[in-house]
Amino acid sequence: MGRHTELDVGLVVTAHGRHVMVETPDGARVQCHLRGKKSECVVGDRVRWQASGDEGVVEHVEPRRNLLMRQDEWRTKSFAANLDQILVLVAGEPMFSESQLSRALIAAETAGIPVRVLLNKAELPQAEAARERLQPYRDMGVQVLEASLKTRPQESRELLRPLLQESATLVLGPSGTGKSTLVNLMVQDAQAQVGDISQALNSGRHTTTTTRWYWLDPAVRHGALLDSPGFQEFGLRHVSAEELPRLMPDLRAHLPDCRFYNCTHRHEPGCGVRAAVERGEIAASRYRIYGEIREELERTKW
Ligand SMILES: Nc1nc2c(ncn2[C@@H]2O[C@H](COP(=O)(O)OP(=O)(O)OP(=O)(O)O)[C@@H](O)[C@H]2O)c(=O)[nH]1
Ligand SMILES: [Zn+2]
């Protein structure tokens, strides 16, 4: 028997600084504070907590299966834990950034979380250019789905339901791609679930930047979507420059062909990666993104 058996278990459904909202196994939500200055909680955490008046105190965070980091201007912060998968939404209008997509895939690979890509607004003529841009990702084994969340909601729901219904899925994507449309399509009572959280956080001001947990069906509480508004960039600074090539599957496939075991794939002779770029087996865009991220990682290492 552990020392926490007398405490209640709970799921963190939103976290902001030292304020977190914990959901109990029977679905009640309790605002909690964190015990201890150093402890940190993120959405998706399983915790042990103790009631204290109307509120609660988180005493212990259970070990995490995985943890994602994000980057803001100043630092790398953790922001979601215990995910089953990530769904990256992209579109042709606005055209998605390949660099952002690659960073999301690298972050997921580092954390050991499976990723799917969903090309939304598939009915638009601009989707064709997005499809082409996604080809290298399909080629390296990323599953790319297509939907029209707004214009073909029924069909989209049927496509997505089996993929989402038993999982905790983090939804990411640039602004204007259809994240809200997705949440409203797949989540029952999404507005009510948001209302709950902002009320309990007791201030509207944080709600635009806080990752939220939505049960697809609050009555059943199996599958959930995690929406991360205002999401900018994944934190990759915990990744070392040397391990970067192994986190990019299309580069990884050619690493055994490099003459030097510590090849940076930039200027060394006998580089299998560059040879593959020249043969067209690695997309030029991917090689460029590799160079950019590698340089960033080398620059920020102190
Ligand atoms: N043509 C078309 N438009 C869509 C589709 N899905 C969503 N949209 C439109 O795209 C726009 C952006 O959708 P949102 O769901 O608000 O996008 P978002 O990713 O939540 O954007 P932010 O709130 O800025 O983060 C809206 O005008 C939607 O109606 C689709 O399948 N086809
Ligand atoms: Zn090389």
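Leu-87 stands opposite Val-171 of strand β11, and this pairing is a good place to start in what is a predicted model. Leu-87 comes from the stretch 85–90 that forms strand β8, and β8 and β11 run parallel, joined by four bridges. From there, the tour below moves through β11, the ligand shell, and a group of residues listed in UniProt.

**Strand β11 and its partners**
- β11 covers residues 168–172, and five of its five residues are buried, so the strand is largely enclosed by the rest of the structure.
- In a regular strand, side chains alternate between the two faces of the sheet.
- Here, Ala-168, Leu-170 and Leu-172 point one way from β11, while Thr-169 and Val-171 point the other way.
- Besides β8, β11 is joined to strand β13 (residues 224–227) by four bridges, and these two strands run parallel.
- Within β13, Ala-224 is the bridge partner of Ala-168.

**Domain layout**
- Three domains divide the chain: domain 1 spans 8–61, domain 2 spans 82–234 and domain 3 spans 241–299.
- Between the C-alpha centres of domain 1 and domain 3 there are 43 Å.

**Around ligand 1**
- Which residues come nearest to ligand 1? Of the 15 residues around it, these are Lys-150, Ser-175, Lys-179, Ser-180 and Thr-181.
- By character, the shell around ligand 1 holds ten polar, three charged and two nonpolar residues.

**The UniProt "binding site" residues**
- An unreviewed UniProt entry lists Cys-258, Cys-263, His-265 and Cys-271 under "binding site".
- Cys-263 sits in the loop between α6 (249–252) and α7 (272–278), and His-265 is found in the loop between α6 and α7 as well.
- Is Cys-263 buried or partly exposed? Cys-263 counts as partly exposed because it has 19 C-beta neighbours inside 10 Å, and a buried residue needs 20 or more.
- His-265, by contrast, has 23 other C-beta atoms within 10 Å and is therefore buried.
- Setting aside residues up to four places away in sequence, Cys-263 touches Cys-258, Glu-268 and Cys-271; Cys-258 and Cys-271 are also among the residues in the UniProt listing.
- With neighbours within four places in sequence left out, the contacts of His-265 are Pro-245, Cys-271, Val-273 and Arg-274.
- Cys-271 therefore appears in the contact lists of both Cys-263 and His-265.

Technical notes:
Residues numbered from 1 in each chain as written. Chains lettered and ligands numbered in written order. Predicted model: local features only at pLDDT ≥ 70, side-chain atom pairs only at ≥ 80, totals over all residues. Domains from an automatic or database assignment. Buried ≥ 20, exposed ≤ 12 C-beta atoms within 10 Å, placed from the backbone. Pairing = 2+ DSSP bridges. Near = placed C-beta within 6 Å. Nonpolar A, V, L, I, M, F, W, Y, C, P; charged D, E, K, R; others polar. UniProt positions renumbered as here; feature names shortened; annotations may be inferred. Contact = placed C-beta atoms within 7 Å.
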